[in-house]
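The exercises below ask you to read protein–DNA contacts and confidence values from a model. Please work through each task before turning to its solution.

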There are 2 protein chains.
Amino acid sequence: MDDDPRVRTWAPACRAVAALLGPYAEVVLHDPGTDRIMAVWNPMSTRGPGDPSLLGELDALDPSAPDVFGPYEKLLADGRRLSSVSAILRDADGRPSAVLCVNLDRTPLEQAAAVLSAFGAPTASRPEPLFEHDWNERVQHVVGSYVRECGRPVERLTRADRLAVLGRLEEAGVFAVRRATPVVARALAVSRSTVYGLLAELRAPNTKDHAR
Amino acid sequence: MDDDPRVRTWAPACRAVAALLGPYAEVVLHDPGTDRIMAVWNPMSTRGPGDPSLLGELDALDPSAPDVFGPYEKLLADGRRLSSVSAILRDADGRPSAVLCVNLDRTPLEQAAAVLSAFGAPTASRPEPLFEHDWNERVQHVVGSYVRECGRPVERLTRADRLAVLGRLEEAGVFAVRRATPVVARALAVSRSTVYGLLAELRAPNTKDHAR
DNA sequence: TCCAAACTGGACATAGAGTCCGGCCATGGA
DNA sequence: TCCATGGCCGGACTCTATGTCCAGTTTGGA
């Protein structure tokens, strides 16, 4: 399919964008006739050439629609948020030749933004923590920091990750607070049972060594 | 110049990229024949259509070079650093039709990174202000201070005194901690019942105003 | 595709939190 | 001296939160 003249035509532009945006952007060329993917650069999902386009990316084919569509937000199955644009690419005669779709993963940027906003006045201005009325917030902060560190959203954390987070929370004394466990469970997107299970494992004088 | 068929051909793709990357990316279409700019989206410099390409962006025209060039770093006059890619776009016959150049301003990201690393250590290394594992001690402290203030030993405190102390403890969030009440009771040399009684009175939306 | 490990949601047992109440003791007025 | 009163005590009691357990389901790998 690489020898499709349309792919040959548009590939350089696609490769350029894919190269510029590194691993955070996926560039897809759709065939507007067959509604299938002609080529993909930096695939983020498992779709490949020949697969149906799905996703309604081709809505833009509506003749009354503008040639460039977006940016709009798309959600991946694993929770990543994408900023997407589509463009109808035309041949010399003005007929649709391909549909270009660029999907930019904004998760890393949003994580960075989250870190940024996590700092700011609060850190400095926290005069006397008093007793952390907002231990709640602290839980979010610990979880959030960890997520940012390892670059995975909460839902994608591994068992080991969760153990590590719980370790930090435990160390921070969070579980000495009333009603803390359910809050932690929610923050970790996990059930109360699981929290107790992991906690037991963590507290056991046993086997595994836990990273902090 | 907008009616140049080459611009018509490539514009949608350019607009799409420009739209996706917002104000941080400049998309330029060069005419490889005249070494001039055909079109610009999100211009970051003052260059416009018809201006000479300058910048050696067209080095890529070397026939032995690959069609996609970069990303490489460029420096703007005002100090901004760009990540750039260029791509040679060809017509149906394989002849160079235009040179696409996308310049991504990495300054905002680098600033963010700088902030991040400046604060970096703190985030990770925050040894954990602990969670006042010694809230216990804090209780003693509050009670002790009060006793010193009014010069009466704990056993001689009046009802009002006790209310005041409980007010402070409450405000400090002590009662959000598990098992705190009995500790407080002991610190006040008073029974658990009494603490709950006073606390109820304190929390009631009622009568007396309590000094803090 | 299949399996084992991991997670879930709910049932359950128990501890802790908070309420109530009868009785005790100190104070103060007659 | 005696009683009335207000406040505290301690223990019984209820209800909520905590922690455990288990069977059923999901999920990530081989």
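**Exercise 1.** Which atom of DNA strand D is 2.4 Å from a polar backbone atom of A:Arg179?

*Solution.* The model is a predicted one, and in it the atom that lies 2.4 Å from a polar backbone atom of A:Arg179 is a phosphate oxygen of DNA strand D. A second step takes in A:Tyr196, where an N or O atom of the side chain is 3.3 Å from a phosphate oxygen of DNA strand D. The third step turns to the bases, since a base oxygen of DNA strand D is found 2.8 Å from a side-chain N or O atom of B:Ser193.

**Exercise 2.** Describe the protein surface near DNA strand D by residue, by class and by element.

*Solution.* Begin with the residues: 15 surround DNA strand D, and those that come nearest are A:Arg179, B:Arg159, B:Arg178, B:Ser191 and B:Thr194. Next sort this surface by class, which gives seven charged, five polar and three nonpolar residues. Then assign elements, and you find that α7 of chain A, α4 (159-171) of chain B and α6 (192-203) of chain B each supply at least two residues. Finally consider the DNA side, where sugar or phosphate holds 62% of the atoms of DNA strand D within 4 Å of the protein, the rest belonging to bases.

**Exercise 3.** Carry out the analysis for DNA strand C, and include its polar contacts.

*Solution.* Of the 13 residues around DNA strand C, the nearest are A:Arg159, A:Arg178, A:Ser191, A:Thr194 and B:Arg179, and sugar and phosphate make up 64% of the atoms of this strand that come within 4 Å of the protein. The surface near DNA strand C comprises seven charged, four polar and two nonpolar residues. Going through individual contacts, an N or O atom in the side chain of A:Arg159 is 2.6 Å from a phosphate oxygen of DNA strand C, whereas a polar side-chain atom of A:Arg178 lies 2.8 Å from a sugar or linking oxygen of that strand. For B:Arg179, a polar backbone atom is 2.6 Å from a phosphate oxygen of DNA strand C. Two or more residues of this surface come from each of α5 (159-171) and α7 of chain A and α6 of chain B.

**Exercise 4.** Which element of chain A has the lowest mean pLDDT, and which the highest?

*Solution.* Taken as a whole, chain A averages a pLDDT of 73, with 68% of its residues scoring at least 70. Among its elements, helix α3 (residues 121-125) has the lowest mean, 32, and helix α7 (residues 192-203) the highest, 92. Over residues 119-131 of chain A the pLDDT is below 50.

Definitions and conventions:
Residues are numbered from 1 along each chain as its sequence is written. Chains are lettered from A and ligands numbered from 1 in the order in which they are written. This is a predicted model: local features need pLDDT of at least 70, side-chain atom pairs count only at pLDDT 80 or more; totals for chains, interfaces and linings use all residues. Side-chain values use heavy atoms; hydrogens and water are left out. pLDDT is the predictor's confidence in each residue, from 0 to 100. Helices (H or I, at least four residues) and strands (E, at least two) are DSSP runs, numbered from the N terminus. Contact means heavy atoms within 4.5 Å. A residue is near a molecule or strand if one of its heavy atoms lies within 4 Å of it. A polar contact is a pair of N or O atoms within 3.5 Å; within protein, one must be able to donate a hydrogen and the other to accept it, and residues adjacent in sequence count only if both atoms are side-chain atoms. Ala, Val, Leu, Ile, Met, Phe, Trp, Tyr, Cys and Pro count as nonpolar, Asp, Glu, Lys and Arg as charged, and the others, Gly among them, as polar.
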